Amino acid sequence: MNIPNLLTFIRFLLIPLFVYTFFYVPEGNIYAALIFILSGITDILDGYIARHYNQVTKMGTLLDPLADKLMILTVLTSLWIKDLIPFFIIAILMIKEFSMIIGAAILYKKQKIAIPANNYGKTATFFFYIAIIFSIFEWPYSFTLMIIALALAILAFFIYAFEFYKRARRN
């Protein structure tokens, strides 16, 4: 267990904390937004530390995006429950994310290869963070930002799928 993997583990712990805060704490949207931002900061930090100090592990390469996906899907579901976003955003993203998780698991099991996140995926995640903060506070343009994030996520999926196909064909 190295520091980047510990930070990823902390992000997993922040997921239920976000849900509790968002739904059950007075003025919870402020605290939930702070928890969500903290999750984003730990994501950036663990990636930086892993690359800068050569602490990249296969476990981290697999768990880091899983923590991101679970956090974003949980937050989006929470926003939908409070009727702040439409369900189709979650439905499309869930199909995309579960497809990627299954594909990554198959590739890892067969070839012990973990495909890292691409820049489109990172950009989509960034836009989701911005769109989610806008949605939590019901600021203008939150829906537009959400659609941009979703479009980038779909683009990242097709690029990821192409990379998966290329690597899977090698064996």
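1. Let's start with one residue: isoleucine 10 sits in helix H1. Please keep in mind as you read on that this is a predicted model. Is isoleucine 10 buried, partly exposed or exposed? Its relative accessible area is 32%, so it counts as partly exposed, given that this class runs between the 20% and 50% cut-offs.

2. Ile10 also belongs to a nonpolar patch on the surface, about 720 Å² in area. Its companions there are Met1, Leu6, Phe9, Leu13, Met59, Leu62 and Leu63. Two elements, helix H1 (3-24) and helix H3 (58-81), each give two or more residues to this patch. H1 provides the largest share, with four residues.

3. Now for the domains. The protein is split into domain 1, covering 1-62, and domain 2, covering 83-170. Taken over C-alpha atoms, the centres of the two domains are 17 Å apart.

4. How many residues of domain 1 are in contact with domain 2? There are 13, and they meet eleven residues of domain 2. Together the two domains bury about 1100 Å², and 78% of that area lies on carbon and sulfur atoms. On the domain 1 side, Phe36, Lys58 and Leu62 account for 46% of the area buried against domain 2, more than any other three residues.

5. Leu62 is worth a second look on your screen: it is one of the residues of the nonpolar surface patch, and it is also among the three leading contributors to the area that domain 1 buries against domain 2.

6. One last point, on charges: zero salt bridges are found across the interface of domain 1 and domain 2.

Notes: Residues numbered from 1 in each chain as written. Predicted model: local features only at pLDDT ≥ 70, side-chain atom pairs only at ≥ 80, totals over all residues. Heavy atoms only, no water. Patch = residues over 30% accessible without salt bridge, like charges linked within 9 Å, V, L, I, M, F, W, Y side chains within 5 Å. Areas by Shrake-Rupley, 256 points an atom, 1.4 Å probe, with all protein chains shown as cover. Salt bridge = Lys/Arg side-chain N within 4 Å of Asp/Glu carboxyl O. Buried < 20%, exposed > 50% of the residue type's maximum accessible area, 1.4 Å probe, protein only. Domains from an automatic or database assignment. Contact = heavy atoms within 4.5 Å. Buried area = accessible area lost by both parts, 1.4 Å probe.
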